[in-house]
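Got your viewer open and a cartoon on screen? Let's walk through this one stop at a time, selecting as we go.

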Amino acid sequence: MTDSTIDALNMKLDRLIEAVGRLAPPPVPETDLGEADCFVWQADPGYLEPVRKVNRVDIGLIRGVDRVRDILVDNTERFAAGFAANNVLLWGARGMGKSSLVKAVHAEINTKSKSDLPLKLIEIHREDIDTLPKLMGLLKAAPFRVILFCDDLSFDHDDTSYKSLKAALEGGVEGRPANVIFYATSNRRHLLPRDMIDNERSTAINPSEAVEEKVSLSDRFGLWLGFHKCSQDEYLEMINGYASHHGLDIDPEQLRADALEWATTRGSRSGRVAWQFTQDLAGRLGKPLKD
């Protein structure tokens with residue numbers, strides 16, 4: 001075999017090796033919980049992506065939910081300190097600050113904590129709930145205490161991933177790791193549509209047992225914190241808080257009139273509506289909003 005033939009074969013082998021290498025999946029990035037305080041679970045390929053800048057508001061700006069705020073702060077403080085605490089379901093009216101409160105409480109606890117190991121917040125997307133056991137297996141050996149957070153958690157017809165959540169929270173052989181707690185927000189108190197529960201009742205041989213199977217998911221959460229539509233006074237308190245925090249200089253009576261007109265055009269009052277009005281007001285005044 002001539003040298004030129006050997007060189008040609010080597011070139012072909014190099015191209016073949018390069019092509020095979022491109023077909024191989026990229027290596028899974030290393031998960032280092034020390035990189036940040038907040039992460040997002042990327043189920044495929046299975047690692048925690050650090051979040052450098054978290055989208056959240058100061059806890060002092062979340063108004064109209066004082067009682068549930070205090071309960072959530074107390075539960076989270078106990079967990080962060082290594083004491084017993086409950087999984088939490090924050091349910092109720094849209095736009096009343098359920099997810100904002102979870103993120104704000106996490107920041108508040110870490111600000112006040114003197115521990116060298118800050119509390120971690122990890123978001124898992126609703127569609128990745130069936131990978132929750134894998135994520136908990138990754139976290140159970142970590143030296144940190146972790147809040148697993150799922151926003152807008154609910155289940156539709158023929159969706160059986162809620163069984164994975166039940167097992168991961170309390171029902172599995174290992175159960176929930178001691179350093180992990182689960183917080184979820186939902187518009188539904190029982191996480192499942194009412195007609196789904198009613199259908200189970202009407203078609204099952206034993207209707208009560210079928211309903212128990214569906215409703216028992218919510219029972220895995222020791223705390224149910226309800227968020228209800230706010231009053232006009234609470235809505236205006238939110239507006240005043242945002243305007244003061246962001247330095248929006250406007251006549252109080254004009255602010256009140258504009259805020260009420262905004263709520264009327266939206267057909268609702270909530271923390272989200274108050275924040276959307278604040279963004280509109282800041283734009284009209286030509287003022288930047290604080291980070």
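Start by selecting Phe39: across from this residue, in β4, stands Ile122. Keep in mind throughout that this is a predicted model.

Now widen the selection to the strands around that pair. β1 (residues 38-42) and β4 (residues 120-123) run parallel and are joined by 3 bridges. Cys38 of β1 has Leu121 as its bridge partner in β4. How much of β1 is buried? 4 of its 5 residues are, so the strand is largely enclosed by the rest of the structure.

**The hairpin**

Stay on β1 and add β2. These two pair in the antiparallel sense, over 4 bridges. Show Val40 and you'll find Glu49 of β2 opposite. The two strands make a hairpin with 4 residues between them, and Gly46 in the turn has a positive phi of about 110°. For the backbone view, remember that strands of a sheet pair through backbone hydrogen bonds, either parallel or antiparallel.

**The whole sheet**

Zoom out and colour the strands. In what order do the 7 strands sit in the sheet? Reading across, the order is β2-β1-β4-β5-β6-β3-β7, in an open sheet with mixed pairing. At the edges you'll see β2 (47-50) and β7 (223-227); each has a single partner strand, so one side of each is left without a neighbour in the sheet. Going from one strand to the next, the twist averages 25°.

**Into β6**

Next, select β6 (180-186). Buried or exposed, what are its residues? 7 of the 7 are buried, so β6 is largely enclosed by the rest of the structure. Turn on side chains here: Val180, Phe182, Ala184 and Ser186 point one way, while Ile181, Tyr183 and Thr185 point the other. That is the usual pattern, as side chains in a regular strand alternate between the two faces of the sheet.

Now bring in the strands that pair with β6. β5 (146-150) runs parallel to β6, with 5 bridges joining them. Pick Val146 and look across to Val180 in β6. β3 (88-92) is also parallel to β6, joined by 4 bridges. There, Leu90 has Thr185 of β6 as its bridge partner.

**Helices across the sheet**

Keep the sheet visible and add helix α3 (residues 98-112), which lies across β1, β3, β4, β5, β6 and β7. Line up your view with β3 and you'll see α3 running at about 145° to that strand. Then add α4 (residues 132-139): this helix lies across β1, β2, β4, β5 and β6, at about 165° to β5.

Your next selection is α2 (residues 66-80). Its end C-alpha atoms are 21 Å apart, which agrees with the 21 Å that 15 residues should span at 1.5 Å a residue. Show the side chains of Val68, Leu72, Val73, Asn75, Thr76 and Phe79, which are buried. Among the elements covering these buried residues are β3, α3, β5, β6 and β7. Follow the chain out of α2 and you reach Gly82, with a positive phi near 95°.

**Over to α9**

Move along to α9 (residues 252-266), a helix of 15 residues that reaches 21 Å from its first C-alpha to its last, close to the 21 Å expected at 1.5 Å a residue. Which residues of α9 are buried? They are Leu255, Asp258, Ala259 and Ala263. Look down the axis of α9: the buried residues fall within an arc of 135°, so they line one face of the helix. Cover for these residues includes α8 (232-245) and α10 (271-285). Now spin the view to the face turned away from the buried side, where the exposed residues Glu253, Glu261, Thr264 and Thr265 sit.

Check both ends of α9 before leaving. At the N-terminal end, Asp251 is the cap, with a side-chain oxygen 3.1 Å from the backbone nitrogen of Glu253. Just past the other end, Gly267 has a positive phi of about 75°.

**Last stop: the full chain**

Clear the selections and show everything. The chain has 10 helices and 7 strands. Of its 291 residues, 41% are buried. Finally, try a contact map: among contacts between residues at least 6 apart in sequence, 75% join residues at least 24 apart.

How values were computed. Residues numbered from 1 in each chain as written. Predicted model: local features only at pLDDT ≥ 70, side-chain atom pairs only at ≥ 80, totals over all residues. Heavy atoms only, no water. Expected span 1.5 Å × (residues − 1). Buried < 20%, exposed > 50% of the residue type's maximum accessible area, 1.4 Å probe, protein only. Arc of directions from axis to C-beta. Contact = heavy atoms within 4.5 Å. Polar contact = N/O pair within 3.5 Å; in protein donor to acceptor, adjacent residues only side chain to side chain. Pairing = 2+ DSSP bridges. Axes fitted to C-alpha atoms, helices over the stretch in contact; angles between N-to-C directions.
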